[in-house]
Every structure is written in structure tokens, then in C-alpha cells.
Amino acid sequence: MDNYFSLLMAAEKTIEKAAGSGANFSGKLWSIIFAAVFFCIIIVIHEFGHFIVAKLCGIRVDEFAIGMGPVIYKKQGKETLFSLRLLPIGGFCSMGEDIDDDDPDSFRKKPVLSKMAVIAAGAVMNLILGFILSVVLLLVDGKVTSFEIVWFSDDAVSPQYGLQMHDNIVKINGVRIFSAKDITYQLGNDEDGIIDFVVKRNGENVRLDNVHFDTKTDPDTGKRTLIYDFKVQRIDVTAENLLPYAFKNSVYYGRIVLMSLRDIIRGKYGINDLQGPIGIVTTIGGVAEESGFDLSFLLDIATLVTINIGIFNLLPVPALDGGRLVFLIVEAIRRKTMKAETEGMIHFVGFALLMVLMVVVTFNDVKNIFVK
């Protein structure tokens, strides 16, 4: 069983900036339908990862389901029941993980490494898909953004504190830069306009502390935001830079997910900032419409969402893939399988708590559709 919440409060800000003036989240019916189909495709790929690796490992798959709730379509295969369910809020690939039986092809009878491969396969498929989408995005765009500064505004402040033309940005506030989006994210989340840089200059890393930028204050919220006074260079996609830049873009989004999770733990974001499937679909539909269904922009969103789902499902929480991996790691260390009843009960409690969270998050998702 997999669940699909969004931890991307920070990434949502990135989406809104990319859309220009911010998304109209009410959307139209056709944009929401598009987003729902798009989200379901990502779920199918995740579940297919579990399914195909289970088959390769000789593990019996009882049911492959997309969606939750009542069955609206089903077809019995030679071994597996394939079903489509009403609510596109998850899916599952049932292998009898919490049931002891004598079938040598059952999940619990297989070697622990095979079981770990099956459980991890869904998230791995999402991460692979994110990388593939990054490659396609760069090919469609035809350009990659380097980290080399090639322009300053006439009234730029930052050169007075050490930034120079042709500096290649390596770190901002101690954070390694993997993508030009990292530059936008780090500068966009700063409020005091004082930034620490590490740049590569003449082949050597140079540390620049306390680089100042002008800021502007929102009269309604009082929030200060930094004014960008430089630009970095855009270069053509080549056979040499395509894969490295695609990988760096995937790493950027993965790190955004982890940073958002960290901010939740620290209390920067609350439960109202989480999004469930309805919120994700509404957001995707709204920003897709706002962008005019620009292909490059949609590919960028797809990369963000699929990497988010992959990483979230690896969290060590009972009922998620990551929680099951924890039990399998313990099994590998102990060289002994935990009782099915005990493991099943722990995952059931985790699932129940996740369902409570899903109800709360879904309520917020619906409320946010109607309340700006």
C-alpha cells in the first residue's frame, strides 16, 4: 500500500514563481482532469516498479490496484487480479506481505534481499522517471543554465562585496549548488539580503562572506525579499552536458523534498501546509492552466512530483515502503523473520494514523479550493 502526500511547501513556492504571477488554483474542469490523469500515471509507474520486480524475483502478486475504494473495473490474469478503483489517492501491489502461508512463491518465503528489492522498486522507479523527465526537459528546452555570472544590473550592490563577472557559483549559505534552481531557491528564501558565497574564480574556490543585496518589503505582509542583481549564463544542450545537468536537476528536487521535511520537523511548516492528492491535482491543474500548458513547464512539474512521491514513500514510517524496508533490514541483521501478525499489526497502526492524516489533509485541500 502506498500513500501520496506532498511535502513540497518550499517547492510549491518554486512552482508559483515559475508560473509568473502565481497560479489560479481554482482551475477549469479540463485542467483538473489533465492533472488527475497525470498524477495517476505517476502512481501507475510507482506500482509497476513493485510489480515487475516481484515477478522477476518469482514472488506471487495477488492484486495490482490503481486507486483506492470501490472497484470500478477488474480483470483476472493468470495469477494476478488487476483492478481500477474509484479514488485516485494511491494504489497497491498486494503480495501477502503480512500473511504466513506455505506457498514457496509468497513474499515472506523469499530471501530478504529479494524482498528489499521489491519494496524499494516503486520509489526507485519514481526517481528514475524523474531523471528521464529531466533529460526530456533539457532536450525540449534546448538550453541549460550554468552557474557562471555574466551580467550585473547598473545599480547592482553585490559586486561591491566581492562578486565578479565570470564567477562560477559553487555554494550559497553553505549549500552546494546543483542546479540554477538552487540559486533561485536559496536567494528567494533569504530575508535579510546578506548572503555567503563560495565561487570558483580562475580555477580556485573563493569564499565571499556577507555579500549584500538590496531588498524590498511587501507593504501588506511586511516580508522582505531579496532583489536579484545578477544573471547566470544559458548555454546550449550538448551530448557532454545533457546527462550531468539532468542528474543535477533531479538532485535539486530531491534535496528540496528533504529540506521541506526538515522544516516540518523544525516547525517552520504546519499540517495546513501539507498537500494530499486533491491538493496536488488542484495545484498541477492550476499552474498548468496559468502556464498555457507550456511543455517545458509541465515537464518540470512532473519531475518535481514524481521525485517527491519516490522520496516520501521511502520515509521509515509503518505502512510506507520505507517502513517495510526498516523491518527487512532488521530481518537481515537478526537473520530471522518477524511474526506476520506482529508486523501486520504495526503496519496497520501506521496505516490508520496515515488515514487520519489523509482525512485532515484532504479537508484542507478541499477547503483551499474554495477559500483563497
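Helices and strands here are DSSP runs, with strands needing at least two residues and numbering starting from the N terminus. With that in hand, Asn 210 can be placed in strand S8, residues 204-212. Bear in mind throughout that this is a predicted model.

**Two odd phi angles**

Asn 210 is worth a look because its phi is positive, at about 60°, although the residue is not a glycine. Most residues other than glycine have a negative phi. Asn 210 counts as partly exposed, since its relative accessibility is 44%.

His 166 is another such case: its phi is near 75°, again positive in a residue other than glycine. This histidine sits in the loop between strand S4 (143-152) and strand S5 (168-172). With a relative accessible area of 49%, His 166 is partly exposed.

**The largest core**

Now to the inside. The largest nonpolar core has 39 residues, and the members touching the most others are Ala 54, Ile 59, Val 61, Met 95, Phe 107, Val 118 and Val 305. At least two residues each come from helix H2 (29-56), strand S2 (63-76), helix H3 (112-141), helix H5 (242-266), helix H7 (295-312) and helix H8 (321-334). The top contributor is H7, with nine residues.

Which residues does Val 118 touch, once those up to four places away in sequence are set aside? They are His 50, Val 53, Ala 54, Cys 57, Ile 59, Met 95 and Phe 107.

**A second core, and helix H4**

Apart from that core lies another, of 18 residues, including Ala 156, Ile 177, Phe 197 and Leu 208. In soluble globular proteins, nonpolar side chains tend to be buried together.

Ile 177 also turns up among the contacts of Ile 183, a residue of helix H4. Leaving out neighbours within four places in sequence, Ile 183 is in contact with Phe 147, Ile 169, Ile 172, Ile 177, Phe 230 and Val 232. Phe 147 is 36 residues away from Ile 183 in sequence, while their C-alpha atoms are 8.4 Å apart. Is Ile 183 buried or exposed? At 6% relative accessibility it is under the 20% cut-off, so it counts as buried.

Helix H4 spans residues 180-188, and its buried residues are Ala 180, Asp 182, Ile 183, Tyr 185, Gln 186 and Leu 187. At the start of H4, Ser 179 places a side-chain oxygen within 3.0 Å of the backbone nitrogen of Lys 181.

**A buried asparagine**

Asn 313 belongs to the loop between H7 and H8. Its relative accessibility is 0%, so Asn 313 counts as buried. What lies 3.0 Å from a polar atom of the Asn 313 side chain? That would be the backbone oxygen of Ile 309.

**A nonpolar patch on the surface**

Some nonpolar side chains sit on the outside instead: Val 124, Ile 128, Ile 132, Val 136, Val 140 and Leu 295 make a surface patch of about 460 Å². Helix H3 supplies the largest share of the patch, five residues. Ile 128 is in H3, and with 41% relative accessibility this isoleucine counts as partly exposed.

Here are the individual accessibilities side by side.

| Residue | Relative accessibility | Class |
|---|---|---|
| Asn 313 | 0% | buried |
| Ile 183 | 6% | buried |
| Ile 128 | 41% | partly exposed |
| Asn 210 | 44% | partly exposed |
| His 166 | 49% | partly exposed |

Key: Residues numbered from 1 in each chain as written. Predicted model: local features only at pLDDT ≥ 70, side-chain atom pairs only at ≥ 80, totals over all residues. Heavy atoms only, no water. Buried < 20%, exposed > 50% of the residue type's maximum accessible area, 1.4 Å probe, protein only. Helix = DSSP H or I, 4+ residues; strand = E, 2+ residues; numbered from the N terminus. Polar contact = N/O pair within 3.5 Å; in protein donor to acceptor, adjacent residues only side chain to side chain. Core = buried A, V, L, I, M, F, W, Y, C linked by side-chain atoms within 4.5 Å. Contact = heavy atoms within 4.5 Å. Patch = residues over 30% accessible without salt bridge, like charges linked within 9 Å, V, L, I, M, F, W, Y side chains within 5 Å. Areas by Shrake-Rupley, 256 points an atom, 1.4 Å probe, with all protein chains shown as cover. Salt bridge = Lys/Arg side-chain N within 4 Å of Asp/Glu carboxyl O.
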